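User: I've got this model open and would like a close look at a single part of it. Please stay with that part first, then work outward to whatever sits around it.

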Amino acid sequence: DRYQLWGGCFEEEPSAVLKRLNDSLGVDSRLYREDVFGSKAWARELFRSGHLSQNDHDALQSGLDKVVQEIEQDLSLKGSLKDPEEDIHSVVERRLHTHAGEAALRLHTARSRNDQSATDTRLWMLASTHRLRNTLIELITVLVKRAEMEIDIIAPGYTHLQRAQPVRWSHFLLSHTWSLKDDVMRLEEQMKRISRCPLGSGAIAGCALAIDRNRLARDLGFEDVTPNSMFAVSSRDHIVEFLNWATLCSLHLSRLAEDLIIYSSQEFGFIRFSDQFSTGSSLMPQKRNPDGLELVRGAAGLMLGTSVAFNCVLKGLPSTYNKDLQSDKELLFASYDKLLDCLKVVTGSVKTMEVNREKAQSALEPGMLATDIAHALVRRGVPFRRAHHLVGAVLRRATALGVDLQHMSHAEYLAICPDFGSEEELRAIFSWEASVEQYTSVGGTSMSSVRVQLQELNTWINQT
Ligand code: ARG
């Protein structure tokens, strides 16, 4: 027989189709540990506040321990829970009843599934955001290690996907790393707001029995309690924040994925992904496809869709608990699972890829030093805008002569502007190393500036 938490005033069973739409066990069974953990703390608080006898309390504690073991056994045997009840809260209570008997009927004293489910979700989020944070830090560590090892590689930097200026390969890797570090900071900021315990808010009005909500919250590992019972059962702002955060984080992964996909194409050939993080074609034997990173790129779209979907669910809802809110967990779990896998695939891809430094350096061409030639004129007192135009004229002349900037004669340069200086000074501009080494100010691509970034990131990693 199905154990119903409600129905005393009903004469008929819900229709099968309503039951199917309403049941959430398929999704919220994932919260069984949090549900039991929360129930154990609730039983302790009822006992400490004098609303439960010692015997009943003991029966509930040992009964709930058995429920977890039993659910874990079922999950390992059958993969999912087959209980006929509508949600995990009903399943736990029915199973508890078989172990603890009458005492089980006292567990839900002054509690509602509204504060219970909100508490379970927040507990789950506390652990899950912590895990995501650590996984992100692993990716950051891998990027920093590569950047340290490959600091001597100079590669083309692109804007509009057109060759722009030479940059250190490490500088490129770290440009992505800083976005990910900001993601960690943003996640930590949210964790403070997640860490507020709704339990003791009841269905809407609070708890009619005297309990100590602060003690209960501490018992569950929360930093604080929710300050208003109506807010506690209705707010899903922390979930909105998380979904938006996951969207931004996945956009960062997508951008990195896209850069690496381009760099791995034969036309670029800067990197080669390991077998572990490449896939093949069923028809073309020679193919090595970056499917993993393409899925990461696509996932950013799915994450945004999920975030928009939940914002749409909330739009127009009246306050406090409405069943629409039940979809929060489905979307939350989907985003979390996807993001965690994406982070691991990006980490593995970056960790095991091979960088072809010759290929990267051979993609540099003298035109990428046009800005440096303009700067050489600026150092001789020529106003930048004029220098820009003069170098434009140099480029036009070189094209007309069919030579590149490096090989155009000194006389041609002087004919355009006498400030180009000696031949020796002019030729010295054509060095990739000399070019990047000019950028020594904070955040630049010179060796020393990149080392400052590495040091800052390493210090941060070591203290996290
Ligand atoms: N499964 C529900 C949810 O996750 C639990 C709360 C149900 N409360 C209610 N009054 N129907 O949102």
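Analyst: Twelve of the 17 residues of helix α3 are buried, so this helix is largely enclosed by the rest of the structure. "Buried" here means 20 or more other C-beta atoms within 10 Å of a residue's own, with 12 or fewer counting as exposed and anything in between as partly exposed; the C-beta atoms are placed from the backbone. Helices are DSSP runs of H or I at least four residues long and strands are runs of E at least two long, both numbered from the N terminus.

Before going on: this is a predicted model, so local features need pLDDT of at least 70 and side-chain atom pairs count only at pLDDT 80 or more, while totals for chains, interfaces and linings use all residues. Residue numbers start from 1 along each chain as its sequence is written.

Back to α3. The buried set is Tyr32, Glu34, Asp35, Val36, Gly38, Ser39, Lys40, Ala41, Trp42, Ala43, Glu45 and Leu46. The cover over these residues includes α4 (54-78), α5 (88-100), α6 and α8 (213-219). From first C-alpha to last, α3 reaches 24 Å, close to the 24 Å expected at 1.5 Å a residue, where the expected span is 1.5 Å times one less than the number of residues. Just past the end of α3, Gly50 has a positive phi of about 85°.

At the other end, look at Leu31, in the loop between α2 and α3. Leu31 counts as buried because 25 other C-beta atoms lie within 10 Å. Setting aside neighbours within four places in sequence, Leu31 contacts Ile88, Asp120 and Trp124, a contact being two backbone-placed C-beta atoms within 7 Å. Its C-alpha is 12 Å from that of Ser128, although the two are 97 residues apart along the chain.

Now zoom out to the domains. The assignment splits the chain into domain 1 (16-109), domain 2 (114-145 + 164-362) and domain 3 (366-463); such bounds come from an automatic or database domain assignment. The centres of domains 1 and 2, taken over C-alpha atoms, are 29 Å apart. Where these two touch, domain 1 puts in 17 residues and domain 2 puts in 19. On the domain 1 side, α2 (25-28) and α3 (32-48) each supply at least two residues, and α3 gives the most, with eight. That side of domain 1 has five nonpolar, six polar and six charged residues. For those classes, Ala, Val, Leu, Ile, Met, Phe, Trp, Tyr, Cys and Pro are nonpolar, Asp, Glu, Lys and Arg are charged, and the others, Gly among them, are polar.

The ligand belongs in this picture too. Domain 1 and domain 2 both give residues to the shell around the ligand, so it lies between them. The shell is Ser24, Asp28, Asp87, Arg113, Asn114, Ser117, Tyr321, Lys323, Leu325 and Gln326, picked by a backbone-placed C-beta atom within 6 Å of the ligand. Helix α6 (residues 113-149) is the top contributor to the shell, with three residues. By class, the shell comes out as two nonpolar, four polar and four charged residues.

Next to shell residue Tyr321 in the numbering is Thr320, in the loop between α11 and α12. Thr320 has a positive phi near 65° despite not being glycine, and with 17 other C-beta atoms within 10 Å it counts as partly exposed.

That loop follows α11, so here's a quick look at that helix. Its 24 residues (291-314) should span 34 Å at 1.5 Å a residue, and the end C-alpha atoms are 35 Å apart, which agrees. Its buried residues include Leu293, Val296, Arg297, Met303 and Phe310, and their cover includes α10 (237-264) and α12 (327-352). One residue of α10 is Ile261, which counts as buried because it has 21 C-beta neighbours inside 10 Å. Not counting residues up to four places away in sequence, Ile261 touches Pro290, Leu293 and Glu294.

Lastly, the record: UniProt, in an unreviewed entry, places "domain: Fumarate lyase N-terminal" at residues 10-303. That span is 62% helix and 6% strand. UniProt positions use the numbering here, feature names are shortened, and annotations may be inferred rather than shown by experiment.
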